Amino acid sequence: MKALHILTFISIALLAGCITGTRYVIWLDETDITKMETGWGTSKVNQSIDGNVLTIAGMTFERGIGTHAISKLLLELDGKGKKFIAEVGLDDETEHPDASVKFYVLGDKEILWQSGSMTAADSARRVDVDITGIDKLALLVLDGGNGINYDHADWANARIEAKCESIKSIAITGGDAAPYILTPSPPATPRINGPQITGASPGKPFMFKVPVTGDRPLRITASNLPNGLGIDEATGLISGRAEEEGRYEVIIHAENEKGTQSRPLQIVIGKHQLALTPPMGWNSWNVWACSIDQEKTLAAAEAMVTTGLIEHGWTYINIDDCWEAAERTSGGELLCNDKFPDIQTLADQIHDMGLKIGIYSSPGPTTCQNYHGSWQHELQDVQTWADWGIDYLKYDWCGYSQVVEDSSLDAYKKPYFVMREALDRADRDIVYSICQYGMRDVYKWGSEVGGDLWRTTGDIVDTWNSMFNIGFSQEENAPYAGPSGWNDPDMLVVGQLGWGPNLHPTRLSPDEQYTHISMWSLLSAPLLIGCDITQMDAFTLNLLTNDEVISVNQDMLGRQAVPVSRRDGIEIWVKELYDGSKAVGVFYTGGVADDPVDMFNWDNERKSRKVMVAWSDLRMDGTLCVRDLWRQEELGYFTGGYETEVPYHGVSLLKISAKQ
Ligand code: GLA
């Protein structure tokens, strides 16, 4: 009798809770979507991905999420949901015939609803799906089959209705694996890091800081330097002007209280020898975008020194778009805007630290963010930059679309020839970074127009799909990479990023970040850190300071890795090295999922896989020495092959060499 009373009381209380307004609807825009994956930009709450009012085919929505294909979000509902409701479609801001997407709602490894292919002309489609009993709900936006460009997708009015149960928040799953450190600290004894070759033009200012780790103070000396160059023994900065062309076999010697080390450094004095290994540094775009200013640039340079990154070869401090003033001077000179009150001083400060400074412009009248480009001012702008002391130029197509003469290949090459000529006339070496997103197979002619590097893809973002699609599709251009001409698959997306004033930790998992740095090293890609280096955690710093991994990237042979095996979600990429050994990346990528269900690691069920690396796949044989580069550990000698365990989305980065 008593029990019956209690039961009645509980049911009445539950019913009352339901009726008296306990929350049982939760809007997607109320959840923490920082982990939502996108193919471009960062998803926005109650705004389109570009920050406008959510609008689908003329209809506006106050609430929802603006995102960009490929977009993924996995929600933990624990069976509490009843319905998922939304209006979906391409946002009107996209206005492009190539924009097309497909929306999917998935629950517990089943497709519950799909929109089919949608274009910008389609009005919003209503989603109203029963999700009773679903534990994990996944929201997915794929491109419509023609690439992700312009695919701005809106989940408008998106919400979950719960059963008559309180639902306070929804857990977003994925991306929460704990970072783990693999790279051991450098020894206290001197260790000379960085490239073993560097070059400059005859008669132009030369600057190369020898990166050395080990206890301070250090004494760094060099023998057989070309005439005109000298070394600062306290910092290892080699500078001066070398007039005579030639290849100089310099020996660097470093010593401290704990020991000594010597290492050869080739210095090549000649034309177009500026990027004999891929440039390494920092770029403002992925972290600050248009909120970059002089103070932040200086802080990045200081952090390069205080964190010790400089002693691992990181050199350039590159300002991307948004530094230019609205008007040129009456004489046509380009000026900085208010955010850079004194770039000359900034350049001096950066040089005094042993670092170099980079700038950004466009061959068109305007840059991507509508600042002044260098169109018809090429010589004058190069002169301005040379006067400031600029060492690196990223030359970004964008506004050139307005003035390109026709669609011939020559018309695409032309502006890059023009800038090359202007750079050659300057009394200063300036690395020439071509950026036009890979149009017209730029890798086939980037060298011909005098580029030191050229972007091969659209912009990267900090998601697996973006990094994977870019990094693992660089096979075709591999034969074109080499000293003084590198394929550039875009900047690094580790650490705190944001493309604006608000930063977030990278959405790549720790394993995905090991994959990212390993792959970019194997690809001989320029390494430009895209994060806030004033606030790196131990994991990020560790990731960027493994000298054995960096030396794969900086290897003086300059080969780009190629895949030797791609089977069943496992890829093996091999890079030949100068000393005859091979760097081998064994990746568990999971492959390219055709099935939307496979695009999610639902229950974290994919953990690791054992992979046999056969010597025959590497075109090697016999008994070979295997070294784990991330752990900097000798694994022993193996005949026929080596079995390694690779984490999901992670890598095993090995160096395989013949027995000594
Ligand atoms: C383009 C480039 C980016 C960045 C921005 C700046 O999108 O690809 O790397 O330079 O322009 O506006």
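## Exercises on a predicted model: ligand site and two sheets

In this predicted model, the side chain of R455 places an N or O atom 3.1 Å from an oxygen atom of the ligand. Taken alone the ligand exposes 300 Å², of which the protein buries 93%.

**Exercise 1.** Work out which other side chains make polar contacts with an oxygen atom of the ligand, and describe the residues that surround the ligand by class.

*Solution.* Start with the distances: an N or O atom in the side chain of D320 lies 2.6 Å from an oxygen atom of the ligand, and for a polar side-chain atom of D396 the distance to an oxygen atom of the ligand is 3.0 Å. Both pairs, like that of R455 at 3.1 Å, fall within the 3.5 Å cut-off for a polar contact. Next, place these residues in the shell, where D320, D321, K394, D396 and D459 come nearest of the 13 residues around the ligand. Finally, sort the shell by class, which gives 6 nonpolar, 1 polar and 6 charged residues.

**Exercise 2.** Trace the order of the 6 strands in the open antiparallel sheet, and establish which helix lies across β34, β35 and β40.

*Solution.* Reading across the sheet, the order is β33-β34-β35-β40-β37-β38, with antiparallel pairing. At the edges are β33 (562–567) and β38 (633–639), each of which pairs on one side only. Neighbouring strands are turned against each other by 25° on average, direction ignored. Now take one pair within this order: β37 (residues 623–628) and β40 (residues 651–658) are joined in the antiparallel sense over 5 bridges, and C625 has S657 in β40 as its bridge partner. The last step is the helix, namely α8 (residues 510–522), which lies across β34 (570–576), β35 (582–588) and β40 and runs at about 145° to β35.

**Exercise 3.** Explain why one side of β15 and one side of β18 are left without a neighbour in their sheet, and identify the residue that stands opposite S223.

*Solution.* First set out the sheet, an open one of 4 strands in the order β15-β22-β21-β18 with mixed pairing. Because β15 (197–200) and β18 (219–223) stand at the edges and each has a single partner strand, one side of each has no neighbour in the sheet. From one strand to the next, the twist averages 30°. Then follow β18 to β21 (residues 246–256), to which it is joined by 5 bridges, the two strands running antiparallel. In β21, the residue opposite S223 is I251.

Note on methods: Residues are numbered from 1 along each chain as its sequence is written. This is a predicted model: local features need pLDDT of at least 70, side-chain atom pairs count only at pLDDT 80 or more; totals for chains, interfaces and linings use all residues. Side-chain values use heavy atoms; hydrogens and water are left out. Two strands pair if DSSP finds at least two bridges between them. Axes are lines fitted to C-alpha atoms, for helices over the stretch in contact, and angles run from 0 to 180 degrees between N-to-C directions. Contact means heavy atoms within 4.5 Å. A residue is near a molecule or strand if one of its heavy atoms lies within 4 Å of it. A polar contact is a pair of N or O atoms within 3.5 Å; within protein, one must be able to donate a hydrogen and the other to accept it, and residues adjacent in sequence count only if both atoms are side-chain atoms. Accessible areas come from the Shrake-Rupley method with a 1.4 Å probe; for residues, only the protein chains shown count as cover. Ala, Val, Leu, Ile, Met, Phe, Trp, Tyr, Cys and Pro count as nonpolar, Asp, Glu, Lys and Arg as charged, and the others, Gly among them, as polar.
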